[in-house]
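Work through the exercises below with the sequence and the structure at hand, and try each task before reading its solution.

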Amino acid sequence: MQNLQRIQRQPVDSGIKIQMEATAMQKLWLWTDMAKGEVSCLGLVDEVVNADSKRITALVVADFFLVKQNCSYDETDMDIADVARLITELESKGVDSRKLRCWAHSHGGMQVFWSGQDETCIAGLANGEWLLSLVVNKRRDAIMRLDQYHPSHMYLADVVWETKFPLVDGLAESCMSEFKSKVQEAAFVPRNRDYGPASLRDAKERGALTMDELNDELDWLGLDRDELEPF
Ligand SMILES: [Zn+2]
């Protein structure tokens, strides 16, 4: 019997946006579906830099490239010579090959996790700097990881990321006008979970939260019940 239970993950916010262009993601899913088992590809990452602060605000995986590789149901081994060929080809087109900072691979029908082999591969590809890694499977599970090797090796094994959908002209405006005409919102609507004990107490008193839901929220926020007094 298929196990439908999935492990609850808690991806960590890296403090910058991590995005995947929709077309790049689509290529990865296509290769994932075509492969009997594992498959790897390399991605170009654009750094989005704030003009004033000069700080990186987002990493956007713009495109993926397939290189020659040997794969089995539980291994994927990219041909070093063909990776070198890809680097030369990018440089000849005026693309800075140092932007090749994403390694994506599929575990085929297996679960997504970071294996010892994956760690070795990440260390090799990062080349002393930083690397985004994405592991997916045919069930559309996906985990993004961010490694840095300078000044020391640190990584986030499960970072928050999103697919970046192409902008459709006028879509935001038409959604906004439809929303305004059809959705009636109460004066206070929590837009995310970044709200404090007072609003939770308020929600409980209005009957919008059951005691179980309240306890879940408290656990999620890491708050003590004492902080909600009087109860
Ligand atoms: Zn792997």
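Strands, like helices, are runs in the DSSP assignment, a strand having at least two residues and a helix at least four, and both are numbered from the N terminus. The model used here is a predicted one.

**Exercise 1.** Find the residue that histidine 150 joins through a cis peptide bond, and describe where that residue lies.

*Solution.* Begin with the bond itself: histidine 150 and proline 151 are joined by a cis peptide bond, with omega at about 0 degrees. Most peptide bonds are trans. Next, place the residue along the chain, where proline 151 falls in the loop between strand 8 (142–148) and strand 9 (154–156). Then count its surroundings: proline 151 has 6 other C-beta atoms within 10 Å, and is therefore exposed, since 12 or fewer is the cut-off for that class. Finally, look across to glycine 128, which is 23 residues apart from proline 151 along the chain, while their C-alpha atoms are separated by 8.9 Å.

**Exercise 2.** Decide whether lysine 54 is buried or exposed, and do likewise for asparagine 127, after noting the phi of each residue.

*Solution.* Most residues other than glycine have a negative phi. Lysine 54, however, has a positive phi near 65 degrees, and it sits in the loop between strand 2 (39–49) and strand 3 (56–65). Because lysine 54 has 7 C-beta neighbours inside 10 Å, it counts as exposed. Asparagine 127 also has a positive phi, near 55 degrees, and belongs to the loop between helix 3 (116–126) and strand 7 (130–136). With 12 other C-beta atoms within 10 Å, asparagine 127 is exposed.

**Exercise 3.** Check whether the end-to-end distance of helix 2 agrees or disagrees with its number of residues.

*Solution.* Helix 2 covers residues 80–92, which makes 13 residues, and at 1.5 Å a residue they should span 18 Å; the expected span uses one less than the number of residues. The end C-alpha atoms of helix 2 are 18 Å apart, so the two values agree. As for its surroundings, helix 2 is hardly covered, with zero buried residues. Just after helix 2 comes glycine 94, whose phi is positive, at about 80 degrees.

**Exercise 4.** Identify the element that gives the largest share of the largest nonpolar core.

*Solution.* That core has 27 residues, and those with the most contacts inside it are Leu28, Cys102, Ala104, Leu132 and Leu134. Among the elements giving two or more residues are strand 1 (17–21), helix 1 (22–34) and strand 6 (100–106), but the largest share, five residues, comes from strand 7. Beyond its neighbours within four places in sequence, cysteine 102 is in contact with Leu42, Gly43, Val45, Val61, Leu132 and Leu134.

Technical notes: Residues are numbered from 1 along each chain as its sequence is written. This is a predicted model: local features need pLDDT of at least 70, side-chain atom pairs count only at pLDDT 80 or more; totals for chains, interfaces and linings use all residues. A residue is buried if 20 or more other C-beta atoms lie within 10 Å of its own, exposed if 12 or fewer, and partly exposed in between; C-beta atoms are placed from the backbone. A nonpolar core is a set of buried Ala, Val, Leu, Ile, Met, Phe, Trp, Tyr and Cys residues joined through C-beta atoms within 7 Å. Two residues are in contact if their C-beta atoms, placed from the backbone, lie within 7 Å.
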